[in-house]
Amino acid sequence: MMVRTKLAAAIMLAAAALLQACGGGGGSSAGTPVVGGDGASGGSGSSGDAGSAISVSVGASDQIVDGDTSETYVQEFTVQVVDSKGYPVAGATVTPTVTLPMYAKGYWGLNTDGAWARCGYPYANEDVNGNGSLDAGEDVDGDGKLAPRAADVSVSYIDAKTTDANGQVKLRIQYLQSSASWIQYALKASAKVSTTEGVGSFSDWLGVPVDQLSDTTSALPFQNSPYGAGLCGSSS
């Protein structure tokens, strides 16, 4: 599988305003779980009982990897769980969910300097109540469908569902190449040990492979937003 570095600036869209006007500049996470150390530093550790507070963080890889098919990309995440003293929590069950708060309409084109530039305008997810069904008043753009499609992004475990000795679980999101840079995702990871639970999250716009932006001789797989040009060109 090919690994590509993510161009962070190329995937950030402002939540309330357009990022870039048409023709503007460049593209821009068995048994009784144990909480705590192994005693080497004077602490004997403790079981994950109620009242043992845990903290959860989600971190993203800065690389975009070709997905399981030639039409997808993958980005990996690490979920890290610690107790109130900062010790890793082993054996915590991690449950991930991914939602898509926003999407954008627009396209990528070559600017006057011959570099890829994006015209993009963000919009809120039309599925206001999150039930996956098109309800009255939700079809803001009048195309008869909800935008964005929940199926454009999926989340899965890379290995185990419970944290290892380092208090970590590896996750990944897989998304259609055509959706890269056009959908904002929010990855939430809930970790539970005994009766104690913690939540961490990470949000960003779907990553763009930097090497594809440096090739101005070929069309981009994400060149046109799957949701139309919007204010960048048409009324779709």
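## A buried aspartate and its partner

Let's start with Asp152, which is buried in this predicted model, its relative accessible area being just 3%. Its salt-bridge partner is Arg149, and the closest N and O atoms of the two lie 3.4 Å apart. Arg149 itself is partly exposed, at 37% relative accessible area.

## Salt bridges to strand 11

The pair above belongs to a set of three salt bridges. Another one joins Asp68 to Arg172, with 2.7 Å between the closest N and O atoms. Asp68 sits in the loop between strand 5 (63-66) and strand 6, while Arg172 is part of strand 11 (residues 168-176), so this contact ties together parts of the chain 104 residues apart in sequence. The two ends have unlike surroundings: Asp68 is exposed, with a relative accessible area of 52%, whereas Arg172 counts as buried at 19%.

Strand 11 also supplies Lys170, whose side chain meets that of Glu76 in a salt bridge of 4.0 Å, N to O. Glu76 lies in strand 6, and 94 residues separate it from Lys170, so this pair too links distant parts of the chain. Here both partners are partly exposed: Glu76 has a relative accessible area of 31%, and Lys170 one of 32%.

## Aromatic contacts

How many aromatic pairs are there? The count comes to six. One of them brings Phe77 and Tyr185 together edge-to-face, with 6.1 Å from centre to centre and 80 degrees between the planes. This is another link between distant parts of the chain: Phe77 is in strand 6 (residues 72-83) and Tyr185 in strand 12 (residues 183-193), 108 residues apart.

Are these two rings buried or exposed? Phe77 is buried, at 0% relative accessibility, and Tyr185 is buried with a value of 0% as well. Phe202 joins Phe77 and Tyr185 to form one aromatic cluster.

Elsewhere, a ring meets a charge: the charged end of Lys105 sits over the ring of Tyr123, 5.5 Å from its centre.

## The disulfide

A search of the whole structure turns up one disulfide. It joins Cys119 to Cys232, with an S to S distance of 2.0 Å. Cys119 belongs to strand 9 (residues 116-124) and Cys232 to the segment after helix 1 (210-213), which puts the linked residues 113 positions apart in the chain.

What is the handedness of the link between Cys119 and Cys232? The link is left-handed, with -90 degrees about the S-S bond. Both cysteines, Cys119 and Cys232, are buried.

Definitions and conventions
Residues numbered from 1 in each chain as written. Predicted model: local features only at pLDDT ≥ 70, side-chain atom pairs only at ≥ 80, totals over all residues. Heavy atoms only, no water. Phe/Tyr/Trp six-rings, centres within 6.5 Å; stacked < 30°, edge-to-face > 60°. Helix = DSSP H or I, 4+ residues; strand = E, 2+ residues; numbered from the N terminus. Buried < 20%, exposed > 50% of the residue type's maximum accessible area, 1.4 Å probe, protein only. Lys NZ or Arg CZ within 6 Å of the ring centre and 35° of its normal. Disulfide = S-S within 2.5 Å.
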